[in-house]
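Me: I should like to learn how to read burial and packing in a structure. Could we work through one case together?

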Amino acid sequence: MPTTPATAAQISPEMPEIMSNGVQPSEAPAPIMLELVDEDGTTIGTAEKLAAHQAPGLLHRAFSVFLFDEAGRLLLQRRALGKYHSPGVWSNTCCGHPYPGEAPFAAAARRTFEELGVSPTLLAEAGTVRYNHPDPASGLVEQEFNHLFVGLVQATPRPDPEEIEDTVFVTAAELAERHAAAPFSAWFMTVLDAARPAVRELTGPSGGW
């Protein structure tokens with residue numbers, strides 16, 4: 001898929017403020033920038049993360065990861081209650097946004113380790129999907145061109161509590177029961193359905209996916 005170089009964010013330095021005791025106060029964290037794309041997935045610029053999700057939303061690059069254990073069970077995560085977007089709901093193994101200029105595959109592997117403390121033993125591309133999903137609870141909007149990945153995990157997850165409230169491995173039947181009983185992210189079924197062909201190829205016909 002062709003891309004053009006991401007537009008770099010230009011930040012003008014300002015004179016540092018010195019406190020009365022001569023100590024320079026800590027600087028505010030740098031804004032998290034996302035890569036904006038057109039309908040073909042070609043990079044067209046950047047935007048600050050929260051601004052890109054405010055209604056009506058700006059189409060940006062994202063990724064979603066689905067990791068399975070050796071028994072063909074999908075690793076789900078429950079998003080931490082402190083997250084600004086979709087807190088406390090269940091979702092796929094990992095999802096997020098590449099940094100501007102970062103390859104989606106590299107971002108998926110990086111973020112999986114940052115959130116779950118594990119690295120996939122196998123990670124493969126599973127296509128892309130474009131969607132527009134408002135989140136009624138927060139008023140934010142997911143306008144995403146999402147790169148999908150499926151893979152295997154053998155290590156025990158060690159989730160970052162600031163990112164993840166809980167994890168669980170589920171069969172296809174257990175997922176159906178859980179999805180009917182508990183809240184899931186607005187995008188979950190869209191990305192899962194788009195990834196199903198690759199999931200079935202990974203887990204085999206007996207997996208039920």
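Reply: We may begin with a single residue, bearing in mind that this model is predicted. Gln 143 has a relative accessible area of 11%, and because the cut-off for burial is under 20%, Gln 143 counts as buried. Its place is in strand E8.

Me: Which residues does Gln 143 touch, leaving out those up to four places away in sequence?

Reply: Gln 143 touches Pro 56, Gly 57, Leu 58, Leu 59 and His 60, together with Arg 130, Tyr 131 and Asn 132. Separation in sequence and in space can also be read side by side: Gln 143 and His 133 are 10 residues apart in sequence, with their C-alpha atoms 6.6 Å apart.

Me: What does the side chain of Gln 143 reach at 3.4 Å, and which side chain is joined to that of Gln 143 by a polar contact of 2.8 Å?

Reply: At 3.4 Å the side chain of Gln 143 reaches the backbone oxygen of Pro 56. The polar contact of 2.8 Å is with the side chain of Arg 130.

Me: How should one read the nonpolar residues?

Reply: In soluble globular proteins, nonpolar side chains tend to be buried together. Here the largest nonpolar core has 23 residues, and Phe 66, Leu 74, Leu 76 and Leu 175 have the most contacts inside it. Strands E3, E4, E7 and E8 and helices H3 and H4 each give two or more residues to this core. The largest share, 6 residues, comes from H4. A second, separate core has 13 residues, including Val 65, Ala 108, Leu 116 and Ile 164.

Me: Which residues are in contact with Leu 76, beyond its neighbours within four places in sequence?

Reply: Among them are Trp 90, Val 168, Val 170, Leu 175, Phe 184 and Phe 188, as well as Asp 166 and Arg 178.

Terms used: Residues are numbered from 1 along each chain as its sequence is written. This is a predicted model: local features need pLDDT of at least 70, side-chain atom pairs count only at pLDDT 80 or more; totals for chains, interfaces and linings use all residues. Side-chain values use heavy atoms; hydrogens and water are left out. A nonpolar core is a set of buried Ala, Val, Leu, Ile, Met, Phe, Trp, Tyr and Cys residues joined through side-chain atoms within 4.5 Å. Buried means under 20% relative accessible area, exposed over 50%, partly exposed in between (1.4 Å probe, protein chains only). Helices (H or I, at least four residues) and strands (E, at least two) are DSSP runs, numbered from the N terminus. Contact means heavy atoms within 4.5 Å. A polar contact is a pair of N or O atoms within 3.5 Å; within protein, one must be able to donate a hydrogen and the other to accept it, and residues adjacent in sequence count only if both atoms are side-chain atoms.
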